[in-house]
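Biologist: Got a minute to walk me through this one? I'd like to start with the sheets.

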Amino acid sequence: MTLRITNRDARRFWLANQGLAETPTGAPDPLATIRSLGFVQLDSIQVLARAHHHILWTRNQNYREPMLDRLLAKDRSVFEHFTHDASILPVETYPVWQRQYRRKAEQMGKASWFRNMLGPEEREALKERIRDEGALCSNDFDSEHKGPRGMWQRPPHKQALDFMWYTGELATCYRENFRKFYNLSERVIPDQWREMEMSDAAQLDWLCRGAIDRLGFGTAGDIQRFWDAASSVDVRKWVEGAGLVPVEVQTATRDWVPALAPVDIEARLEAAPAATSRLRILSPFDPAIRDRDRFLRLFGMDYRIEIFVPAEKRKWGYYVYPLLEGDRFVGRLEAKADRARGTLNIHKLWAEPGVRWTAARAAKLEAELGRMARFIGTPEICWTCSERPAEPP
């Protein structure tokens, strides 16, 4: 008979796979966290903390931002590239990432973003400067954007640098205030990983197995979207011969939906610990909630980030954080750090439908806000709204 995974077990299993079951204390090991998650998304927006730092802190609250900088710039144990978005990956992923460099070369060659890009000879001249001078950022070059302005428009030299980054000719050497410094890939990626060769089939198998291992259960579409480093056709073909077992997963609305899982799914379910009762403030880009449709199915929370929604059309707010308590998402928080004044400002708090905002739950949020304040260096917590949840919009 097909194994049925109840919604409670599915939530427990998913949070355990995402590093959100154990109490986030002890000695921090951000490299182990990145390896466990597969990758961590980068994002420039800093409302409380930038997404990559927030994600790592959520899993160990002794983590501090220079730890990731050291992994990239000194240890060379991680590298930057594009999954569904710009991300940090463990350096041992590099040999299987060659298919992604090829895919991005093809995609970027057709993308409208790069229509004003410098030609091959001019791109080679940029590389020659980096070869001679060492790591450089976009500001070290100069070319003027021509034509209509737009959010994603870049000067030709910036487009060229990004194109060579997407295709693997250049790599991120380090960042300063989130500004990317480019260097030749052979100077950034250790020879051990750069010289390792794997067939395309082996790369695909590694990526798909890594995806289903971390997902625990999912559809072919879930597997494809995890890394976004293979086409849906390639993943469906892989699934046909992968030896996965069919399961049924109960949704938050008590429906049963089909999925696939590793053959040892029952043992994995048995071993997954229950989530700690601690309340956590998650980044909008946290991998546990990144796939919004999967998140809605498992937890019943319809969550969207509204940074690109005009202010007058936002339902919640510019940057709203989901609140996880145990294996339930219990609320949403709109907060912003004012680093100049040393304050963490709470602008709005909402409880999810059916959640009672008890004194115990309020105390858990206060404790988490205190931990967040210490992490981002804003010792004072200032409520600009009521400490009781507002009615959902």
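Modeller: Sure. One term before we begin: two strands pair if DSSP finds at least two bridges between them. Also keep in mind that this is a predicted model.

Biologist: Fine. What is the order of the open sheet of three strands, and how does it pair?

Modeller: The order is E5-E7-E6, and the pairing is antiparallel. Strand E5 (136–137) and strand E6 (170–176) are at the edges. Each has a single partner strand, so one side of each has no neighbour in the sheet.

Biologist: How many bridges between E6 and E7?

Modeller: Six, in the antiparallel sense, with E7 covering residues 179–184. As one register point, arginine 175 sits opposite lysine 180 in E7.

Biologist: Which helix packs on that sheet?

Modeller: Helix H7, residues 156–166. H7 touches E6 and E7, and its direction makes about 60° with that of E7.

Biologist: Next sheet. What order do the five strands take?

Modeller: E10-E11-E12-E13-E14, as an open sheet with mixed pairing. The edge strands are E10 (279–281) and E14 (380–383), and each pairs on one side only.

Biologist: How far are neighbouring strands turned against each other there?

Modeller: By 35° on average, with direction ignored.

Biologist: And what packs on it?

Modeller: Helix H15, residues 359–376. H15 touches E10, E11, E12, strand E13 (343–351) and E14. The direction of H15 makes about 45° with that of E10.

Biologist: Zoom in on E11 and E12. Parallel or antiparallel?

Modeller: Antiparallel, over six bridges. E11 spans residues 320–325 and E12 spans 328–338. Glutamate 325 has arginine 328 of E12 as its bridge partner.

Biologist: Now the E8 region. Which way do E1 and E8 run?

Modeller: Strand E1 (residues 3–5) and strand E8 (residues 245–250) run parallel, joined by three bridges. Leucine 3 stands opposite valine 247 in E8.

Biologist: What does valine 247 face in E9?

Modeller: Alanine 259. E8 and E9 (residues 256–261) run antiparallel and share six bridges. Glutamate 248 is another register point, opposite proline 258 in E9.

Biologist: How many residues lie between the strands of that hairpin?

Modeller: Five. Within the hairpin of E8 and E9, arginine 254 takes a positive phi near 70°.

Biologist: OK, helices. How do H10 and H11 cross?

Modeller: At roughly 105°, with their axes coming within 9 Å. H10 is residues 200–215 and H11 is residues 220–227. Angles of 65 to 115 degrees count as roughly perpendicular, so H10 and H11 are roughly perpendicular to each other.

Biologist: Which residues make the contact?

Modeller: From H10, Trp206, Leu207, Cys208, Gly210, Ala211, Ile212, Arg214 and Leu215. From H11, Asp222, Ile223, Phe226 and Trp227. By class, the contact has nine nonpolar, one polar and two charged residues.

Biologist: H10 packs with H12 too. At what angle?

Modeller: About 80°, with the axes 11 Å apart; H12 is residues 232–240. So H10 is roughly perpendicular to H12. Leu204, Asp205, Cys208 and Arg209 in H10 meet Asp234, Val235 and Trp238 in H12. This contact has four nonpolar, no polar and three charged residues. Cys208 takes part here, and Cys208 is also in the contact with H11.

Biologist: Last topic, pockets. How much space lies in the second largest pocket?

Modeller: About 350 Å³.

Biologist: What lines it?

Modeller: The second largest pocket is lined by 21 residues. Nearest its centre lie His84, Arg225, Pro287, Arg290 and Asp291. H11 and helix H14 (292–299) are the elements that give two or more residues to the lining.

Biologist: Which of them gives the most?

Modeller: H14, with four residues.

Biologist: And the lining by class?

Modeller: Ten nonpolar, three polar and eight charged residues. H11 turns up twice, then: it packs against H10, and H11 also contributes to this lining.

How values were computed
Residues numbered from 1 in each chain as written. Predicted model: local features only at pLDDT ≥ 70, side-chain atom pairs only at ≥ 80, totals over all residues. Heavy atoms only, no water. Axes fitted to C-alpha atoms, helices over the stretch in contact; angles between N-to-C directions. Parallel < 35°, antiparallel > 145°, perpendicular 65-115°, else oblique. Contact = heavy atoms within 4.5 Å. Nonpolar A, V, L, I, M, F, W, Y, C, P; charged D, E, K, R; others polar. 1 Å grid on protein atoms, 1.4 Å probe; cavity = no way out; pocket = protein on both sides within 12 Å on 5 of 7 lines; lining within 4 Å. Points joined across faces, edges and corners; volume = space filled by probe spheres on them.
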